Structures are given as structure tokens and as C-alpha cells.
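Here's a quick briefing to read with the structure open beside you. Take it one topic at a time and find each part as you go.

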Amino acid sequence: MNLRIGHGYDIHRTAPGRKLVLGGVRFEADFGLEGHSDADALTHAICDALLGAAGLPDIGHQFPDTDPAYRGADSQALLRRVVELLRARGWAPANVDATLIAERPRIAPRLDEMKAALARSTGLPVDAVGLKATTNEGVGDIGRGLAIAAHAVALVRPA
Ligand code: MG
């Protein structure tokens, strides 16, 4: 079988007065994430895993934060664009699996919504989207709520 694996990681600082979007789902919180786009760290990690699997340059190269076109961008639109870039190279997502690291808010009640949004954007069935959330047990900057991070892996197959 001709399969490729990719890995992605992203971290964004928390900031008051910003909206909080994770995995394409809007959370009600008294803070959001800093960033040029909607700062959806989870979706960015998944984008980078998919791009990496196809041997393509990372999300910062595809959608530069110096480009006003991506200001406030919906990261689900970026993920859909990543899937198009893969397809142009003859690849399609086979599955993705990601871990979100956030001290707050509580993520678990929204996991199914996030998986559904990510499945729609990648064109994958929901059961091919793995998603876990953990806190950082109070350790370090993520544990103090100063940032939210995500790790992701993705497998791609010939389109
Ligand atoms: Mg990012």
C-alpha cells in the first residue's frame, strides 16, 4: 500500500477579547487565541500533518500571516484548501488523529461537534477523525492557561 504519514504541531497564546475557535467549533470563554487567522491551533496542527504527509511546505508557507487575505480567516476554509492542495498532488486524507492540550475551557463535551466539523472539512468519515483533549495538569505555560497547543498525525493515500 502506498501510504504516507505526517505530523503537525501548533501553539497559540491565549488573549482576552479574542474569539475562541478550536476544531471549527466556537467556544464561549472569556479569552481567545492570538493569531492572524481565527487562530484555531487544532485545525492548524491537522493542516500541517496533512501537508507534511504529502511532502508539502507547512501552513505558514501556504497561508502567510503577512497576507491580509488570511486576516481572521476561517481555519476550516484553510483545511479545505489543504485537502485541495493534496488532491492536486494525487493524495487524499486517509485518517487524522489529534490531541488538543488546553487547561480550559472544558473540551470534552464538544469533542463530537469538533470531529464532525473536521470530518466535513477533510472529506473523511467521522470515524476516521481521532480527537482527544487533555489538560497540561497545571504544568508550564499551557498549564497556567497562557497558551493552547495541539499535536496531530495524518495518513494520506493515493487520491
Ligand atoms: Mg497556528
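What follows covers two helices, the nonpolar core and the largest pocket.

Keep in mind that this is a predicted model. Two helices get most of the attention here: α1, where 12 of the 13 residues are buried, and α4, which runs over residues 111-122. The other big topics are a nonpolar core of 44 residues and a pocket of about 260 Å³.

**Helix α1**

- Helix α1 covers residues 41-53, and it's mostly covered.
- Its buried residues include Ala41, Leu42, Thr43, His44, Ala45, Ile46, Cys47 and Asp48; further along, Ala49, Leu50, Leu51 and Ala53 are also among them.
- The length checks out: 13 residues at 1.5 Å each should span 18 Å, and the end C-alpha atoms of α1 are indeed 18 Å apart.
- Just past the end of α1, Gly55 takes a positive phi of about 70°.

**Helix α4**

- Here too the length agrees, because the 12 residues of α4 should span 16 Å at 1.5 Å a residue and its end C-alpha atoms sit 16 Å apart.
- The buried residues of α4 are Leu111, Met114, Ala117, Leu118, Ala119, Ser121 and Thr122.
- Those buried residues pack against two helices, α1 and α3 (75-88), and against the strands β2 (20-22), β3 (25-27), β5 (91-101) and β6 (129-134).
- Right after α4 comes Gly123, with a positive phi of about 75°.

**The nonpolar core**

- Within the largest nonpolar core, the residues with the most contacts are Leu22, Leu42, Ile46, Leu50, Leu86 and Met114.
- Elements giving two or more residues to this core are the helices α1, α3 and α4, plus the strands β2, β3, β5, β6 and β7 (147-158).
- The largest share comes from α1, with 8 residues.
- For a look at one spot in detail, try Ile46: leaving aside residues up to four places away in sequence, Ile46 touches Leu79, Val96, Ala98, Leu118 and Ala152.

**The largest pocket**

- The largest pocket is lined by 16 residues, and His44, Ile59, Gly60, Phe63 and Asp65 are the closest to its centre.
- By type, the lining splits into 6 nonpolar, 6 polar and 4 charged residues.
- At least two lining residues each come from β1 (4-15), α1 and α2 (59-62).
- With 3 residues, β1 gives the most to the lining.
- His44 is worth finding on screen: it's one of the buried residues of α1, and His44 is also among the residues closest to the pocket centre.

Conventions: Residues numbered from 1 in each chain as written. Predicted model: local features only at pLDDT ≥ 70, side-chain atom pairs only at ≥ 80, totals over all residues. Heavy atoms only, no water. Helix = DSSP H or I, 4+ residues; strand = E, 2+ residues; numbered from the N terminus. Expected span 1.5 Å × (residues − 1). Buried < 20%, exposed > 50% of the residue type's maximum accessible area, 1.4 Å probe, protein only. Contact = heavy atoms within 4.5 Å. Core = buried A, V, L, I, M, F, W, Y, C linked by side-chain atoms within 4.5 Å. 1 Å grid on protein atoms, 1.4 Å probe; cavity = no way out; pocket = protein on both sides within 12 Å on 5 of 7 lines; lining within 4 Å. Points joined across faces, edges and corners; volume = space filled by probe spheres on them. Nonpolar A, V, L, I, M, F, W, Y, C, P; charged D, E, K, R; others polar.
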